[in-house]
Structure formats: C-alpha cells, structure tokens
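Here is a short report on how the pieces of this assembly fit together. Take a look at the structure before reading on.

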Amino acid sequence: MNDGIIDAKGLVKDFGTTKALRGVTLTIRGGEMVAIAGPSGAGKSTLLYCLSGILQPDWGTVTFAGRRLETLGEADRAALRRREFGFVFQFGQLVSELRAVDNVALPLVIDGVRRVEATHRALDWLERLGAADVARETPDELSGGEVQRVAIARALVTGPRVVFADEPTGALDSIAGDEVMTVLTEHARAQGITLVVVTHEPRVAAYMHREIVVRDGTVASREAVR
Amino acid sequence: MTRLAVRLALRGGRSGLVRVGLIAIALAAGSAMLIVGSWVLTAGVARTDRVETRRGGPLASVDMLLHRAQGVPLNSVTSGRPFVIWSKTSLSAPRARTITAFGIAPSGTDAPRPPGVRAIPKPGTALASPALRALVDSREGASLRAALPAPIVGTVGNELLRDPRELVVVTGYDIDTLQRIDPGAYLLESFHPRHTINSLLFVVPITVLATLVLLLPLLVFVGSAARVGARRREERLATMRLIGATPGQARLVAAVETGIAGIIGMAAGIALALATRAWLVAHRTYAPGELPTSGTRLLALALVVPLLSAISAPLALRRIGMSPLGVDTRRHRRSVSPWRWWLLALGWTLFVAGALLATRGDTGGWRTSASPLLLTGGVVGVALGLIGAGPWLVQQGAQLVERRAARPSSLLAAARLSEDPRAGFRPVTVLVVTVFVATMLLVLIPAARRSPTASQAWPWTQDVTARPDLQVTWNPIRADAALAVAAARDRLARVQGVEAIAPLHAGTLSPRTGDVPIPWPGTDGHVVVADCTTFAALVHGSSRDCRPGVLTAVASGYRAGDSLTLGPSLSLTVAGQLPLLDRAGVLALVPGSFAPPQLRDLHDVSTLWLRTDGSRATALRVQAAILAVAPGSTLEPGRTLQYRSIWITTTRWLLYTVLLVVLSLAACSLAVTVVDQIFDRRRSLATLRAVGTPLSLLRRATMLEVGAPLVAATVLGAVNGSVMGFVFTRLNGNSLAVPWLDVLALPVFIAAAWLAVSAIGLAALGRAAPPVPLRAT
Amino acid sequence: MTVAYALLGFLEEETRHGYDLKQAYDALFGAGRPVQFGQIYATLGRLERDGRIRLAAQEPGQGPERKRYEITAEGIDELHRWLSEPEAPEPHLQRTLFAKTVLALTTGRDAGAYLDAQRGAHLERMRELTALKTGADLATALLADFALFHLEADLRWIEQTRGRLDSLRQEVTR
C-alpha cells in the first residue's frame, strides 16, 4: 500500500534532553512537492535531516525507494545524498573559496565526472536558472538570491530524485524569495523531482502540493495526498 | 580595562586556558633555549681561547729542532727573558680516550706559568686534571698510573682544560730532557692565545643566525597560539565593541593574555635552563664556571621572548577585523602582489656583492669587514624574502591547479589556497626559514663521520680539518722510527678494515730554515707534499686524476698550476689549495717513496694515519697488530688536527639540537594553525559533508592543503639554502663533502611532521565538521 | 451572520434571556462596539422562525427581555456544521475566524481541528493564487500577491492562535 518514494515510520530523535522528534510517520510520493511547516523548534529541520539520511534517527525507519537508510553506513549514505538527493540550505552554504561554477560542478567532480564535462554541465544549469552571468564569481560577491540560484543548480546538477530544501528563502526578501521558489518548483516539476521544503512561511508552502505541519516533534496535521 | 583583560584571559573558558598554556610552554622553551644557547656560545668561545692559550704564545713558532741543529743557545732567543719549554703529546687511555700530555720545563723560578697551574711541577712529578685523577683512582684506570710519565702530585685547574671531562697531565722536566723527548717542543715566553675568535666575523653572524632561527618559530608559534579560539573570543569582544569598546582595547586583551603567559613562561624558562645547567654540570659536560648564573643576565635573556611575543600576538590578531557586528576573518580573494619578491632579490644582491668582495682576496682593510656583513645581511634578507615570496608562489601554483584540477580534493585544496595564500603559507613560515638555514649549514658543515678526512669548512674562517680514523704515534720518538714505521705500515696494510694508511712526517718547513728555498707567502706557511693516492686517502675530494706515484703538492696561498720549488733538484706543480692547519705550519705529509734529502733530514716519520671502516673491531685488530710490530707506540682515535673543529663539532651538535627543537616548534604551530583553521571553516565543511561529500575526500583535501605549502616551503628553502651554502664553500675554495644523509633527513623529518600534523588535523576534522549543516553562529 | 451562530453557541450552554445573550456577546466579541438590542432580538426572532431555537419560558412582565430561549436539536446541528466548516478564504475574515475559535472553545469543541482545517483551506486558496501567478502578467501577479499577503497574514494569525489555544480556552471558559 505504501507507494511513497520516502516512507518514515515512528521517527524519534533526541539531542541530549531535547526531544526533537517524538514519533513521526509520513509518506512522500514520487514527484510530489511537500512542505514541512510548523513553528520554530518544532523539529522541522531535524525531520528533514532524518528523511535525507544526514542524521540517523534514534528510533524508527526511513525507507527511500525501498532502501532502509538506517542499514546503510555513513559512506553509503553520503553516496546516496550525493547521487539521489539534492540540498538547498537557508544561506546556500556554498563553499566560499570556490567560484559559483565550481560549486555547482563539485558534486559531479566528486562523483568522478571529468572536470571539463562537469563544468560544462554546471554552466548549463546556471544558465537555465538565470545565473550564468555570475558563474565566475565567488559566493562572497553574490546576492542572497544569486547564492540560492547557485545552490539550486548545485542541487539539481546531479539529476537527483529528491531535493530537500531547508528554509530556502529564509534569508531573502519576498521578491527574491518568490523568484527562488518559482525557479525551484519549475525545474523540479519539469524533471519530475520530488521536492521537500522546510519552511515557516505560508507563501513558500503555497508553492507545494501538500503541507505537513510539525508541532512539538510530531505531525500535527497533514493534508490528504492528492 | 586591563583588569577585565586579565579576567578574560584566566576565566575565558577552556580555549582561553589552552591558549595561555600553549603560549607559556612555547615561551618557556624559547627562553630556556636562548639562555642555554648563550651559555654554550660563551663557553665555546672561552674553550677555544683556552685551547689556543695552551698552544703557546707569539714565540711558539720558534722551533726546537732548528735551534738544536744550529746550536743556538736558548737564552739568546729570548734575550735573557724567562721562558718555558712546552710540549704537547698524547697518551692512550681506556675506552679509546686520549690523555693530553703536556711537558713543561721552566728556565727558572720566574718562568711563565700556564693558566690553571699554580706551581710548575718539579722534574719527575706531574699534575693531573680532576677527571684524570678520578680515572687513575678508579679500578678501570689503575693500570694507567704506571703509564703516566711521572707520579701525580697535584691538580690542574679548569683554566687549562677545554672541558671538565678532559684528561690532562702536565709533567715537569728539565730543559734538556724535554727537548730530547719532544724535539718539536715550543719555547714560550708567555701563554696567550695565538688566535682569538674574531667576534665581528664569527660571533655576530652566528648570533644573528641563531636568533633568527630560534626566535622566529617561537614568535610564529606564539602568534598561532594566540589565534586559537580567537573567533569565539573575538565574538565576545565584538559584543563589547557594540557597547563602545575600541579595537585597541580588544588588542589589549590579547596582549595582556600573552603577558600573563609570558610571566609564567619566563619563570618556567629560567627554571628549565637552570635544570639543564644542573644536568650539564652533573655530567661534567661543562664546568660550573663556564655557565654563569648572574641574575640580570638570566632575566634579560628570559625577557626577550615574552616581550617580543607580546608584540607578535596582537599583530597576529590584526588580521582578524573586529567590527561591532562580529568577527570578519577577512576572507576575500585578494591577489598577492609579485612585488613580494623584492626582499628576496635584495638579499641575493647583498649576498652576491659580499661574495664578490670576498673573492677579491684577503688583503684586509674594509673589505674584510664589509664582506661578512654583506653576506650576513644577504642571508637574513633572503630568509625574510622567502617568507614574503612564499605566498605568491603558493597562489600561482594553486591558481594553476584550481583551473586544471581533475580531482575534487585537489580542486578544494587549490581553491582554498588560491583564495587566501597568506593563510595557507602562514603555518609553514617557520619551516621555510628553518629549511633555508638548515640546508645552508648542512652544506657548510659536512658531517665528517663517514668521510674520514673530509675537509670541513666553516664560513668566515680559512681553516680546514683533516681527520683520520686512527692515529698511531711512536712516543718517545725512537732512533729507529723509520724502520718501525715501515714495518708497521706493511703489517697494518694487511689488517682487515684498514682502507688507507698515510705516514705523517712531523716537522717544520719554514723560510727561516734557509736551506729549503720554498717561496712562502707571507711570513710563515706550510706545504703538504704527498703521493697522490696517499693524499687522496687523507683529503677528501682530491682524488680526481690521481695516479699512484704522482707527487702532489698542496700549499696555502697558491693556486692550482703554480710551480713550487722544494729544493735545488725538486720542483712540483701545485695540485690544489689546501689551507691546512694553522699558519705557523708544522706539518708535512710525505709519501714513503718520496724523500727529498732535505725533507728526510728534517722530518722523522713518527705517526701513521689510518683510514678504516670505522668499526670498533677494526680498531682492536689494529691495536693487536701494533703491539706485535711496534711496541712502545700508542694508538689513538684520529685526532682532528684543527682547533676550529672543536667549534664545528660543538656547532654541529648545537645545530642539530636547535634544528630538532625548531622543527618541532614549527610542527606544533603548524598543527595548532591547521586545527584552528578547520574549526574556523567548520560550517562550510559540515555542509559539504551534508550534501554527500565523503569524509575521506575532505581528509585528502586537507592533507593537500597543508602539504602543498609545505612542499613549496621545503623546496624554496632548500634551493636557496643549498645554493648559498655552496657559494660559501666556493668562497673558501674548499672541496666539500655534502652529508647527503643529513640533508635527506630533513625532508624525511618534514614529511613525518606533515603526516603527524595532518593526522591531528584530520582527527579534528571529523569532530569539527559533523555531516549536519551548522546554523550560523 | 456571526451573531446568529454566537447566540446559538451561548444557548447551547444553557437557556438564556435576550439580555443575558447581549451581555455574553459583548463580553467576548464586543471589543468596544456593543451590539444593539434590536439586532439581538431580530436575530432571535429569525432563529425561532427557522426552528433553531424555541421559547423555553415566559416570565411575568412585558417585553422581549422577559423571554428565555433554548436551542433545538436543529440549532445544535446548524452550529456544529458552521463550526466544523472552514470559511471560504478571503481577506478580512478575522472577526469570523475569531468568533469560530472562541465559540468552539466555549462550547467544548476541538478548536485546534477547526484552525487546522481553516489553515488547509487558506493554503489551498494560496496554492490556487500561486498557480495563477505563474505565467501571468505582472498586474495579475501583483493582484494575486495582494490576496496572498492577506491570506498569509490570516495564516500567521491562525498559527499564532493555534500555539496559544490552551491559554485562550482558560480565559474564555472562566
């Protein structure tokens, strides 16, 4: 009955005495765009990290396309994150010493793609995302919106099946935020990529098909899968 | 404000304490090194002076043989002034040690006394050094008592001894007996050092170099220690600045912190130095009087390091901008200007100028002083220039790699280095200077251990050392010495492990002899005449184009190809220049087959030099052979025939110790800096891990990032250092034996340090950068 | 419109006079603008006519203030239907949203579920507007944005209230 690309069951995660997640169960279907919403400190980001294999839950299981994440070692999970997932973080989190194009090419190069080829594909993605003119700049020289475009290019360049975004517009004003979300959802839709976005902004959540509200480490409400 | 700074330093949490502790340790080590170094330097100069003094004063060149042959009464030589006859020979002691045996015969009660001898021993009695007395009194040395020339009736003071462990006996004789026993004995009117060390040419450059080599790594280490956890501290200070504190006050906090560490470090440094002194004295390496413990001297020396570091710590922090809005590590891609080469160029210019002046001959005057100063200035200039040029080189290399890198680890490392080459090079700043100085000195001070007669050169002097492995001496010289030597040669040549044998004809060639018309340069000099192969056996680097039987003459003041007339029937072509021994020349090497009548008359073969494989077994076999064929001879370890070799030996020991300490310090500051830089960048690293970068890749990148500047520093330092060292040796006109093992040990050590530092850094990497995106701090 | 459901809510607790009802309404929703007696009585009359309430007792004396009303089963159904149904998301809903939340609390219903449902409805509307924006000309997009920002404000209020429901319940059911 579970036709989800990501299935989480009974996720529990503690940080010391803080209970970040207290039993989260959810299913995300392939190609779906899901917002994870909720107040600060509700455990949204922790949930995202558990779903994407960045963190190991203390309890519960995460299944991605039939593979149980908790059975994989750190190296395998790293490879999974690199190949199947893409990430966009609040401040882009680009490697500050690399130029934009190298930042985008990096995941490919890590995966053994030849540098020339990787650069070529990176430039292609930057152009599609409207950031071709900043390809030679370093992150210090970019605006917040440009940083996020580069980050999205970095997330998409490997052809991932799922893109996880953690407050992707958190550091942006509403116009730049709209642009970033438009670009992100447009390309995710075009590529059939599953998108999981953590946000506390309803306007960002409105770009998604569906919303999962997390409160106090549990799913407080969810909309029907449509 | 100061009180707040003190509180912040002491209660600033764990990182504050770590910082103060690190700085204090560095300062303690530095102060102790400085104090001990100054002791060793002073003691070394004093030792050389003492050894020089007991070699005799200005009249030492008056040759007994000559006077005996010509029947000149000794009183007429001194015009009636009191004098002593002073002889120096040696005896074997257990454990291959040598007893320096002085013979003394006074002209009367008013005769000059050597230092450390309160009363000249009466004929048939002897004075001994404390070490010799202790040895004779021990079971091991009991048999020595009979071998000594006369019973011991008193002790000689430290003033006569090179070091407290030296075995010395001073035996009293009457004049005739001593002259008969040692025809080479000197007549002395007074005891004064014949040579003194020229402090301008020798002590000053050494001190400058040593200070540079010692203090720079310390200051860098203190600087990097001051930076540990600076970010967090600076964030606190930034909050302070929001409510109105000035950047100066922030720096004051750092200075006060270093000051506290300085006081602790200074006290610990003095204590460490005193402990070292106690150890050295207890092991009788030094006499207590050689290492003066005057309070002002200790304090002054111990203060140098903390004072300098109190300046260096805030300087290190200057790079971290402190705005009220937080810490800005000024991480912007700034290109490094190629003008950074100018200091290096200036240094080389000075050096070349000094070298050119030096080759203009040793005519004295301003050139003699200017040349070493220029050379020293050049060395210092190049050392500092390397620090300046390093980042530029790193940036060029990194940019090249960044564009081409196919592997992600090299891409990351190169990007990081080309973004901030200064930060990349900073941890290896010390290393580049250390490697530079070390390579230069290693080329200059060849390790003579495995090359028996390597000529050793030291800058600023014109001396060369010949050193055989073993030396067989007939003592006293017998009438049939020549026969005994011939027999011994044949026998010894068959001993396994003996590689070469050379007879040593002791005697004097002096223009004053009149009957050997050698055109000596200056007033005195010496000549070495040898069969080419014999010569090659003794003097390293002279064996080119050498056929047995070809006579080779080597003389100071001559250039290769000059003609040298040794007598009416003999003139030789000079094969090379070998300023062997001191200028009063008392030695000639003559092959057994070659004996011009003049030389044969003057010079008895009394000594054989042996080159062996260096093993103890060979030494024992030689001893057995000698006992069989030449009773009455003594076997000694090869004596270095050049007094400055004391310096070289001491200096090499010192150099290696200092190098080890400095390189360890450099490795420490490298580790501290690397760990700190990793923690500084933990957000970026953590993100990389989150998006699926394997930890192993980040490890490789970090190793490259540390390793590339390390390689650059090593190559830069080594190339400049060896070229300079080579030029120095050319200036002295000496052949050189480069101690390849020692030179190779340097990169090995550096590679080991790199691995160790990387390991620490990598351990920190795993902890500092968990694969979770860290929130902005 | 809201007044009718508020009266139903009050009557669900107990039977009341018209005067009591006005007092209760003003206390919770008046906010400085007391409701007119006329409006109360007109609403009561309409509710009685539709069978949502009925007269429970007529006390001695003259005038409407002597009439005591009680809620009918039909009235309870109507109130329940209203409370469990999210409002159609449109700007300027705050009075209604607030009334629904408070009434749900005072009548012991699940206000959280209501707010979540309302959140869903709002978000759905925002999705439609967001979809409208894509590919639209700037004027249309800006109009959509106008609605989006207002809906977002509502949603923020909903989230705020959602986080403080427990305190609110204590306050209104005292």
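C:Gln58 has C:Lys67 in β3(C) as its bridge partner. The two strands involved are β2(C) and β3 (residues 67-71) of chain C, which run antiparallel and are joined by 5 bridges. Two strands count as paired if DSSP finds at least two bridges between them. Helices (H or I, at least four residues) and strands (E, at least two) are DSSP runs, numbered from the N terminus.

This is a predicted model, in which local features need pLDDT of at least 70, side-chain atom pairs count only at pLDDT 80 or more, and totals for chains, interfaces and linings use all residues. Residues are numbered from 1 along each chain as its sequence is written, while chains are lettered from A and ligands numbered from 1 in the order in which they are written.

**The sheet of chain C**

The antiparallel pair belongs to an open sheet of 3 strands, in the order β1-β3-β2 (chain C). Its edge strands are β1 (16-17) and β2 (53-58) of chain C, each pairing on one side only. Helix α1 (residues 2-13) of chain C lies across β1, β2 and β3 of chain C. This helix runs at about 90 degrees to β3(C). Angles run from 0 to 180 degrees between N-to-C directions, and axes are lines fitted to C-alpha atoms, for helices over the stretch in contact. Two residues are in contact if their C-beta atoms, placed from the backbone, lie within 7 Å.

**The sheet of chain A**

Chain A holds an open sheet of 6 strands with mixed pairing. The order is β6-β7-β8-β3-β9-β10 (chain A). At the edges are β6 (85-88) and β10 (218-222) of chain A; each pairs on one side only. From one strand to the next, the twist averages 20 degrees. Strands β7 (residues 162-166) and β8 (residues 194-198) of chain A pair in the parallel sense over 5 bridges. There, A:Asp166 stands opposite A:Val198 in β8(A). Helix α1 (residues 44-51) of chain A packs on the sheet. This helix touches β3 (33-37), β7, β8 and β9 (210-215) of chain A, and its direction makes about 150 degrees with that of β8(A).

**Helices that cross in chain A**

Which helices of chain A pack with their axes 8 Å apart? They are α3 (residues 100-110) and α4 (residues 115-128) of chain A, at an angle of about 125 degrees. α3(A) and α4(A) are therefore oblique to each other. Angles under 35 degrees count as roughly parallel, over 145 as roughly antiparallel, 65 to 115 as roughly perpendicular and the rest as oblique. α3(A) passes α4(A) in a right-handed crossing. A crossing is right-handed if the near helix is turned clockwise from the far one by less than a right angle, and left-handed if anticlockwise.

The α3(A) side of the contact includes A:Val104 and A:Leu108. The α4(A) side includes A:Ala118 and A:Leu126. By class, this contact has 11 nonpolar, 1 polar and 2 charged residues. Ala, Val, Leu, Ile, Met, Phe, Trp, Tyr, Cys and Pro count as nonpolar, Asp, Glu, Lys and Arg as charged, and the others, Gly among them, as polar.

α4(A) also crosses helix α5 (residues 144-156) of chain A, at roughly 130 degrees, and the axes come within 9 Å. That makes α4(A) oblique to α5(A). The crossing of α4(A) and α5(A) is right-handed. Here A:Ala122, A:Trp125 and A:Leu126 in α4(A) meet A:Val150, A:Ala153 and A:Leu156 in α5(A). This contact has 6 nonpolar residues, no polar and no charged ones.

**Chains A and B in numbers**

A residue is buried if 20 or more other C-beta atoms lie within 10 Å of its own, exposed if 12 or fewer, and partly exposed in between, with C-beta atoms placed from the backbone.

| Chain | Helices and strands | Buried share |
|---|---|---|
| Chain A | 7 helices, 10 strands | 56% of 226 residues |
| Chain B | 24 helices, 17 strands | 48% of 777 residues |

**Where the chains meet**

Chain B brings 23 residues to its contact with chain A, which brings 25 residues. On the chain B side, α14 (408-419) and α22 (682-690) each supply at least two residues. α14(B) gives the most, with 5 residues. The chain B side divides into 14 nonpolar, 5 polar and 4 charged residues.

Chain C meets chain A too: 12 residues of chain C are in contact with 10 residues of chain A. The largest share of the chain C side, 6 residues, comes from α6(C). By class, the chain C side has 4 nonpolar, 4 polar and 4 charged residues.
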